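Hi everyone, thanks for making time for this. Let me put the sequence and the model up on the screen, and then we'll walk through it together.

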Amino acid sequence: MKARIFDTTLRDGEQTPGISLTPDEKLLIARKLDELGVNVIEAGSAITSKGEREGIKKITSEGLSAEICSFTRAVQVDIDAALECDVDSIHLVVPTSDLHLEHKLRKSREEVKVMAVESTQYAVDHGLLVEVSAEDSTRSDMQYLQDIFQASINAGAKRICACDTVGMLTPERSFKFYSQLAELQVPLSVHCHNDFGLAVANSLAGIRAGATQAHVTVNGIGERAGNASLEELVVSLYSLYDVKTDVQIQMLYEVSKTVARITGIYLQPNKAIVGENAFAHESGIHADGVMKKAETYEPITPELVGHKRRFVMGKHVGTHIIKERINEMGFRVDDERFSQIFNRVKSLGDMGKCVTDVDLQAIAEDVMGVMTEKPVELQELTIVSGNKIIPTASVKLKIGDSERLEAGVGVGPVDAAIVAIKKTIEDVADIEFEEYHVDAITGGTDALIDVVVKLKHDGKVVSARSTQPDIINASVEAFLAGINKVLTDKIKQSEKTP
Ligand code: MN
């Protein structure tokens, strides 16, 4: 069995509060969706604005394989706007529940049916493929719903879609509801919203009942609690129901990341399939099991969806993981020293901290009595910043036996401080800043700030972190910790060379 995927990330997804995409951003996402293999891309609603039409036109002139669709109401101006954008199809939406008809549209059932039929005829006459869609269909009278769909099909509509606009279905009701519409014997779409967290479950039930296509958005973005999530639906169909789609499953993680970055709507870590923790293991028993055989605690492999498995060292970490990491770092430890290292990782975990590889290496070096002195130490840091001044920093660093003083300017105080430090160590090591990540651990402006930096040196990437109440100090300390890591490695290496 096979299901079609109608992606509405660029229409229903863009209706997420806070998202407004530029024409170029829409095009970028559309290209990714096409590569991913969705069957239909609902590129937007052409009537909305000039910018929206510009975005849709960019997409239709790109020559993508997917069918490009515009949302329209059952009015001629909307259809004309869609025609102007040269789309292949329209998603023609009419409200069908008495609630919407009386309170929103103030029209009778008969009047709305006439609108649907006339609009369908107009669009078909102008060469568009029409998918007629019933808004709030799950709170509509079934007799009327079948009636208006049948009339639209007679007028030339090729597909019908029933929207669970406020997410009121349950999987049981969804199965029954879509079964009744499947009786009409035309391609049928499920369109589910996630107000109760059931959008994917309801869509799956709809497909089992005979729907042939599902409306979804990447990462499940959309109004309120969002729409059915593309990645969850596609992978569930594939792994749990043996229903195929044309989606390239191994691209799902990458596409999810792209959409998150462009829309600015980031995922909760525990999001199914594509969340950062979807394949992360911390608990000792679980991590140990996964290392022996992944299936013990993973229903699918991360590779299937282009994701990665990750082990996190926190308070649940087991001995196995730490032993392996330490071995990989080249340490040979006896049982007593190992238990010292292990206990220190655990106690950091108890304090709510997750231990990075750099932290683990520092702990191990300390326990093993390896050099713990810092090649570079901060002596002084002065920052001047404000709204009418170029942010400026001066730093005094102790490097070996000498002291150096430098100043730098930047776009903000953190940038200025980093520029000054870079100048100071310029001739000591050639270090590139790869990544800078800030988290406020607690609420409020007095929150603890956790800064993680990734530095690149000689093709190797090292990460370091610092947690402090002051964002500038935390950033500077994290940067210096990374520099010291690089320099310590350098010293070790030069000692090795005869
Ligand atoms: Mn919707």
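Let's start at the metal. The manganese ion is held by three donor residues: Asp12 through OD, and His191 and His193, each through NE2, with distances of 2.0 to 2.3 Å. If you look for them in the sequence, the spacing reads D-x178-H-x1-H. Are the two histidines, His191 and His193, buried or exposed? Both of them are buried. Please keep in mind as we go that this is a predicted model.

Now zoom out. The protein chain has 498 residues, and 50% of these count as buried. Its C-alpha atoms fill a box of roughly 90 × 55 × 40 Å along the principal axes. For secondary structure, we have 16 helices and 16 strands. The chain is split into three pieces: domain 1 covers 4-263, domain 2 covers 280-368, and domain 3 covers 376-496. Between the C-alpha centres of domain 1 and domain 3 there are 49 Å. For those of you who like contact maps: taking contacts between residues at least 6 apart in sequence, 63% join residues at least 24 apart.

On to the packing. In soluble globular proteins, nonpolar side chains tend to be buried together. Here, the largest nonpolar core has 84 residues, and the members that touch the most others are Ile41, Ile90, Tyr178, Leu181, Leu230 and Leu233. Which helix gives the most to this core? That is helix α6, residues 142-154, which supplies six residues. There is also a second, separate core of 29 residues, with Ile421, Ile425, Leu455 and Ala478 among its members.

Let me pick out Leu233 for a moment. Beyond its neighbours up to four places away in sequence, Leu233 touches Ile5, Val200, Ser203, Leu204, Ile207, Ala214 and Val216.

Next stop is Ser89, which sits in strand β4, residues 89-95. This serine is buried, with a relative accessible area of 0%. What does its side chain pair with? The side chain of Ser89 makes a polar contact with the side chain of Glu67, at 2.6 Å. Setting aside residues up to four places away in sequence, Ser89 touches Glu67, Ile68, Cys69, Ser70, Leu128, Leu129 and Arg159.

Ile68 comes up again if we move to Thr60. Thr60 belongs to helix α2, residues 50-60. A polar atom of the Thr60 side chain lies 3.1 Å from the backbone oxygen of Lys57. Outside its neighbours within four places in sequence, Thr60 is in contact with Ile68, Cys85, Asp86 and Val87.

Last topic: the cysteines. How many disulfides does the structure hold? Zero. Take Cys69, which we just met beside Ser89. The closest cysteine sulfur to that of Cys69 belongs to Cys161 and is 10.0 Å away, so the two are too far apart for a bond. Cys161 has a cysteine sulfur at 4.0 Å, in Cys163, but that is also too far for a bond, because the cut-off for a disulfide is 2.5 Å between sulfurs. Cys69 is buried, with a relative accessible area of 0%, and Cys161 is buried with 0% as well.

That's my tour, and I'm happy to rotate the model to any of these spots if you'd like another look.

Key:
Residues are numbered from 1 along each chain as its sequence is written. This is a predicted model: local features need pLDDT of at least 70, side-chain atom pairs count only at pLDDT 80 or more; totals for chains, interfaces and linings use all residues. Side-chain values use heavy atoms; hydrogens and water are left out. A nonpolar core is a set of buried Ala, Val, Leu, Ile, Met, Phe, Trp, Tyr and Cys residues joined through side-chain atoms within 4.5 Å. Buried means under 20% relative accessible area, exposed over 50%, partly exposed in between (1.4 Å probe, protein chains only). Helices (H or I, at least four residues) and strands (E, at least two) are DSSP runs, numbered from the N terminus. Contact means heavy atoms within 4.5 Å. Donors are N, O and S atoms within 2.8 Å of the metal (3.2 Å for Na, K and Ca); water is not among the atoms, so sites may look incomplete. Domain bounds come from an automatic or database domain assignment. A polar contact is a pair of N or O atoms within 3.5 Å; within protein, one must be able to donate a hydrogen and the other to accept it, and residues adjacent in sequence count only if both atoms are side-chain atoms.
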